[in-house]
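Here are a few exercises to work through with the structure open beside you. Try each task before you read its solution.

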There are 2 protein chains.
Amino acid sequence: MTTVSFRPRDGCVLGTVADSTAVQVSTTVDLATSAAPGLASARPSRRQAWLESVADALDAHRDELTRLADLETALGRTRLTGELARTAAQLRFYGRVAAEGGYLGAAIDHRTDATPRLVRINRPLGPVAVFGAGNFPFAFGMLGNDTASALAAGCPVVAKAHPAHVVTCARLAEIAEQALREAGAPPGTFGMVVGFDAGVELVGRPGVKAVGFTGSQAGGLAVWRLANERDEVIPVFAEMGTVNPVVMTPLAAASRAAEWASGFVDSFTLGDGQFCTKPGLMLAPAGHRVPRTVADALHRAGHGATMLTRGIADAVAAGLDQLRAAGAEPVGIVPGTGSGWSADTAVLAAPIDALQPGSRLLEECFGPVALVVEYDGRPELDAALARLQGSLTGTVLTGGPQDPDTAHLVATLAERVGRVTVDEWPTGVAWTWAQHHGGPWPATSAPSSTSVGAGALGRFVRPVTFQSVPDQDLPAPARAAVAVANPWAIPRRIDGVLTIP
Amino acid sequence: MTTVSFRPRDGCVLGTVADSTAVQVSTTVDLATSAAPGLASARPSRRQAWLESVADALDAHRDELTRLADLETALGRTRLTGELARTAAQLRFYGRVAAEGGYLGAAIDHRTDATPRLVRINRPLGPVAVFGAGNFPFAFGMLGNDTASALAAGCPVVAKAHPAHVVTCARLAEIAEQALREAGAPPGTFGMVVGFDAGVELVGRPGVKAVGFTGSQAGGLAVWRLANERDEVIPVFAEMGTVNPVVMTPLAAASRAAEWASGFVDSFTLGDGQFCTKPGLMLAPAGHRVPRTVADALHRAGHGATMLTRGIADAVAAGLDQLRAAGAEPVGIVPGTGSGWSADTAVLAAPIDALQPGSRLLEECFGPVALVVEYDGRPELDAALARLQGSLTGTVLTGGPQDPDTAHLVATLAERVGRVTVDEWPTGVAWTWAQHHGGPWPATSAPSSTSVGAGALGRFVRPVTFQSVPDQDLPAPARAAVAVANPWAIPRRIDGVLTIP
């Protein structure tokens, strides 16, 4: 069996990559398992050096990688060049987060008359299976946030190549393996498997201790179910598709409707709508002709879309039909070019009563498609927001700093999403310390987990407490944590008091 | 329907409590949902005051509660008096953890040329369903670690009464509800439901956002499955039964076998073996007659056991039969008294080859039953340890500070358990900052979660990031976090740098 790669612009074959056999999957996981103790005991700053080696290698192969990925994804050289630079920066960022050591959660309770000495430290879970995204071959792919944060936390990674860009994946894996080897990381620190069956096999291997997934709800839930059927159930951190609601306030509609409509079109068509943070639903006050204004903006900005895969292009067409069947009416459509994996770009409108639990209107339509729904007053708006599924993001579009509706909408959206933005589009996701990229089910399968930002390491560790273990018998990270000199220079909670190196 | 309470010492009926109807469950959850925003926006030190009010009420009702619980559980007044004092102390501890504010995970990234301002803060998940333990009516029961940490984190709690002590549960609920009301907590902050069907109904209610469970694997997995079948899947933090292996080193066997054998018996018969941290499996070096020494210690210390329920007493008898069928031989038995819910106390021995995946020998036998298995050299020991399920605890019994096997065994056990103890029995669980009471599946359903210690609050919150939200529009906790004056005096990570108030 092989995985065939196509060029989205014309549908021609770019190349093929052989699928991994079950034996190859097993061997790859075994190698990761044998690498795990070395990663776990390494000082975090050593792992930082490994990640920097991978980042440097990506920078060094920029032209080759972006050219290849553009052929395979049609995402454009400019976007892909930026995304590759971001991916290298992410690798360096997660290395810094590891070296800072806060993720270790080090805590020491000294012995008292009533309690023993306890030393707690987070240890890596072990090999992590990573299922990267189709829509970001670099930043959320083989070497994206999941892989970088898992390696930073001390977990070997076995990544499954994405069928939408399997040739790029294979090249990324080669580059990463060489860079890690040259930097002195243990063999097995990173590995790749190819093919659908290999992905299923991977999740079932006893050596795999956690899964990171970025993609569709259908794919994420399938992986989650597989993991739940194992003898040893393991955590699945699936970041899945969501509608990412946008609410325009009455003051915004009265004063800035055209500006927000134009920004909305730019945001939901960015990358041809292939963003997990794409704002797919706008709730706008009735009486301002907002659906029409958005449609006008679409026609002004509109261009044909080219999707990553034939499957996604077909799903956009099917999604439009499903939205119509669920009560939405197209108000603006820019037709696709018709060549390769082209798709229509569309804005639809629907009555607010159609937003009912179970309706297709409340689910993501991946691609350059968005829905505008008008509300009549705050009670109707609040009732609609209460019916929304969990989302990664929620956005409030205001009429300015004194908008009387902002605080209420921020608080309401915070109950249902992982990130609330005001007067900014949610599409971009900064990879910083305070970022949270997650949210309640079904935005993610684990509502407290983030797949972007410093917190991402926390998914791949678990605490272990050492009770009355003599210093010399502690594993290296715990031994470093108890040393008075704090040789790793990490934050520690000592007898309940947070102390900074 | 009613739940009937029995007196374990003689099997007579103590009383009955009416089961909650589906409508009552729904009403209780709705009330919790209506209380949630008030808890979420309250300053943590206010919630601390509510928890202290409950703690004070427990202290004030000490005689009544311990007398009632002793009739209903046969755990003894002395033990129950200590456990009640601990429960009050836990409530106060989790209040202090909340007030300290580290659990909020506050982080602020100021705006840069490339990134927006991000403010991240942990917010409570919402109403939590708590299924307390049978074996600790106070410390892990209605008002135990799960409830205390959920309330501290800002989540209303609906607790299911445990059938082994439903009368005590009902009284605890009355006391807690009154104390919370008097302290000014919103109505619905704490509620109780009664009965098996009510428990099922509770997990299925859309208003419930997380579950805390302490008990058997069968019970925990049943709750976990129910939660996974919801439209909105919610996290289940189930702390389940485990074998909690103990390893005696060759030096320990040569120098201190009798001492460790006696301690082992004391530990596995504590509370008649009804501890989730009961050490159920000892691995001892061959050639020192350790199984015989343990049996001798049992016969010296032995006393008839009285179990919490008829079901548990029956399960102990069945478990002994199953262990025999799986290849274990009794080497020491102290028969039960025969009255009420009595059970035998027993030590069994098995050949190390019998410890195979799927064997009953690798599963918990709840009650005063333990297995001793001899190993012949480190390779055989390591192979056996590698086959063990995840456990809450693992213990190394050494020959002293210079024992050459300690470090290796600590590292090995750390891969499979949540807490490693050296030369101390695992039965006691200190509720402090560095504690971790959890472990890999099936010790817990979420390997990174702890149900005891400061980390317990982390189960019941999720981060939300506010992007470019004006200060005045932030919810109260985030607004407090961004204020330069740091009015809540919490630790904050500002542009990546951890800062202490």
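Two residues count as in contact if their C-beta atoms, placed from the backbone, lie within 7 Å. Keep in mind that this is a predicted model.

**Exercise 1. How the copies meet**

Task: Work out which relation links chain A to chain B, and how many residues of chain A are in contact with chain B.

Solution:
- Start with the superposition: a turn of 180° and a shift of 0.0 Å along the axis lay chain A on chain B with an RMSD of 0.0 Å.
- That is the relation of a two-fold axis.
- Now find the axis in the model: Ile500(A) is the residue of chain A that comes closest to it, with its C-alpha at 4.1 Å.
- Next, count the contacts: 60 residues of chain A are in contact with 60 residues of chain B.
- Look at where these residues sit: β3 (107-109), β4 (118-124), α13 (406-414), β18 (417-422) and β19 (461-467) of chain A each supply at least two of them.
- The biggest giver is β19(A), with seven residues.
- By character, this side of chain A divides into 33 nonpolar, 17 polar and ten charged residues.
- Finally, compare the two sides: 100% of the interface residues of chain A are also interface residues in chain B, so the copies meet through the same surface.

**Exercise 2. Two domains in one chain**

Task: Find the domains of chain A and describe the side of domain 1 that touches domain 2.

Solution:
- Mark the bounds: domain 1 of chain A covers 2-240 + 448-459, and domain 2 covers 245-422.
- Take the centres over C-alpha atoms, and 32 Å separate domain 1 of chain A from domain 2 of chain A.
- Then turn to the contacts, where 13 residues of domain 1 of chain A meet twelve residues of domain 2 of chain A.
- Sorted by character, the side of domain 1 of chain A holds four nonpolar, five polar and four charged residues.

**Exercise 3. A helix pair in chain B**

Task: Is the crossing of α7(B) and α8(B) left-handed or right-handed, and which residues make the contact?

Solution:
- Locate helix α7 (residues 196-204) and helix α8 (residues 217-228) of chain B, whose axes come within 9 Å and cross at roughly 40°.
- That angle makes α7(B) oblique to α8(B).
- The crossing of α7(B) and α8(B) is right-handed.
- From α7(B), the contact is made by Val200(B), Val203(B) and Gly204(B); from α8(B), by Val223(B), Leu226(B) and Ala227(B).
- To finish, sort the residues of this contact between α7(B) and α8(B): five are nonpolar, one is polar and none is charged.

Definitions and conventions
Residues are numbered from 1 along each chain as its sequence is written. Chains are lettered from A and ligands numbered from 1 in the order in which they are written. This is a predicted model: local features need pLDDT of at least 70, side-chain atom pairs count only at pLDDT 80 or more; totals for chains, interfaces and linings use all residues. Axes are lines fitted to C-alpha atoms, for helices over the stretch in contact, and angles run from 0 to 180 degrees between N-to-C directions. Helices (H or I, at least four residues) and strands (E, at least two) are DSSP runs, numbered from the N terminus. Angles under 35 degrees count as roughly parallel, over 145 as roughly antiparallel, 65 to 115 as roughly perpendicular and the rest as oblique. A crossing is left-handed if the near helix is turned anticlockwise from the far one by less than a right angle, and right-handed if clockwise. Ala, Val, Leu, Ile, Met, Phe, Trp, Tyr, Cys and Pro count as nonpolar, Asp, Glu, Lys and Arg as charged, and the others, Gly among them, as polar. Domain bounds come from an automatic or database domain assignment. Copies are superposed by least squares on the C-alpha atoms of residues with pLDDT of at least 70 in both.
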